[in-house]
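Reader: I'm new to this one and a bit lost. Please pick a single part, take a close look at it with me, and then link it up with some other spots worth visiting.

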Amino acid sequence: MRVMLVGVALVALSVATPVARPWSDQDQVAQPATATPLSDDQIEAFLRDAKVVKTKSVGKGVTGTIRATLTDGTLTHDAQIQQIEEKKTQFEAAGASEFNFEDSWRFNVAAYRVDRLIGLQMVPVTVSRKWKSAPAAFTWWIDDVMMDEGKRLQDKTQPPDSGLWNEQMQMVRVFDQLIYNVDRNMGNLLIGKTWRVWAIDHTRAFRTQNTLKAPANVTRCDRQVIEGLKQLNKEGLKKSIGEFVTEYQINGLLARRDKIVEILEKAGPSAMFDRHAY
């Protein structure tokens with residue numbers, strides 16, 4: 001689902017003043033709007049076990065993303081399937097070089113799990129599952145997308161609640177610094193009908209660097225997420241994401257966590273907020 005805009009800084013995202021729409025409700029047969037929302041555990045079980053009855057190529061980006069329709073006999077819903085697994089000693093894009101480059105479906109699963117560990121709740125449920133005898137990431141398809149951030153900027157659409165918008169952008173920025181996401185672009189920030197933001201496609205993240213990619217992007221964060229960051233530890237991360245990332249990548253994440261918390265605590269109470277409801 002990647003729009004190839006490597007190197008676009010998240011700081012360019014508008015804070016209160018997403019480009020064709022990559023996710024669509026067309027052909028979607030989903031839960032009725034009145035149904036009780038599914039829990040993460042229920043969605044994970046569905047993504048792991050439901051039968052794939054139809055697939056089609058998304059037709060955009062470079063990761064070969066597939067849109068699949070799944071059913072368990074009661075619920076029918078779509079998922080994104082990614083199987084990209086690429087490593088290069090050196091990768092050139094947008095005039096910049098990256099050494100020990102890695103682009104992997106595994107990082108989508110790891111990003112979802114880290115999101116839940118810190119209480120962010122901005123990454124769609126993602127599980128590891130085989131597709132055509134090869135490992136893949138299955139991600140829950142977001143149904144109520146109005147636009148992505150690229151479309152919003154193109155149309156100069158302003159959010160109805162600037163406070164809520166600012167909070168979400170600030171938390172996405174913190175998350176991208178935590179996981180060292182080198183490819184956040186306007187097409188992988190999805191905006192729902194309630195203006196809830198979903199961050200997708202993290203296949204180029206989880207680098208080993210101990211430093212932050214863009215420290216200036218760490219400005220404010222939900223205080224519960226800050227507490228979640230503080231609770232991260234090596235043992236817990238190895239248990240949660242150890243099958244998807246290396247120990248070096250976990251060490252890098254924890255080192256970056258320390259820097260993020262330091263920046264936010266140094267900034268004082270003004271850097272912390274209690275998140276608005278969506």
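Author: A helix here is a DSSP run of H or I with at least four residues, a strand is a run of E with at least two, and both are numbered from the N terminus. The expected span of a helix is 1.5 Å times one less than its number of residues. Before we dive in, bear in mind that this is a predicted model, where local features need pLDDT of at least 70, side-chain atom pairs need 80 or more, and totals for chains, interfaces and linings use all residues. Residues are numbered from 1 along each chain as its sequence is written, and side-chain values use heavy atoms, leaving out hydrogens and water.

Let's zoom in on helix α2, which covers residues 106-118. With 13 residues at 1.5 Å a residue, α2 should span 18 Å, and its end C-alpha atoms sit 19 Å apart, which agrees. Now, is α2 mostly buried or exposed? Eleven of its 13 residues are buried, so the rest of the structure largely encloses α2. (Buried means under 20% relative accessible area, exposed over 50%, partly exposed in between, with a 1.4 Å probe and protein chains only.) Charged names such as R106, D115 and R116 turn up on the buried list, and so do F107, Y112 and I118. Among the other buried residues of α2 are N108, V109 and V114. Just past the end of α2 you meet G119, with a positive phi of about 80°.

From there, hop over to Q83, in the loop between β3 and β4. Q83 is partly exposed, at 29% relative accessibility. Skipping neighbours within four places in sequence, Q83 is in contact (heavy atoms within 4.5 Å) with W105, W131, A134, P135 and A136. Q83 and W131 lie 48 residues apart along the chain, yet 8.3 Å separates their C-alpha atoms. The Q83 side chain reaches the backbone oxygen of W131 at 2.9 Å, and a polar atom of that side chain is 3.2 Å from the backbone oxygen of A134.

A134 starts strand β7, which runs over residues 134-140. Five of the seven residues in β7 are buried, which leaves this strand mostly covered. On one hand, β7 pairs (at least two DSSP bridges between the strands) with β3, residues 76-82, running antiparallel and joined by four bridges. On the other, β6, residues 126-131, pairs with β7 over six bridges, again in the antiparallel sense. F138 is a handy spot to look at: I81 is its bridge partner, and V127 stands opposite F138 too. Between β6 and β7 there are two residues, making a hairpin, and K132 in the turn has a positive phi of about 55°.

One more stop takes us to R67, in strand β2 (residues 66-71). R67 is buried, at 7% relative accessible area, and its side chain makes a polar contact with the side chain of D78 at 2.6 Å. (That's a pair of N or O atoms within 3.5 Å; within protein, one must be able to donate a hydrogen and the other to accept it, and residues adjacent in sequence count only if both atoms are side-chain atoms.)

Last, there's an open sheet of three strands, ordered β8-β9-β10 with antiparallel pairing. β8 (145-148) and β10 (197-199) are at the edges with a single partner strand each, so one side of each has no neighbour in the sheet. Three bridges hold the β9 and β10 pairing, where L190 stands opposite W198.
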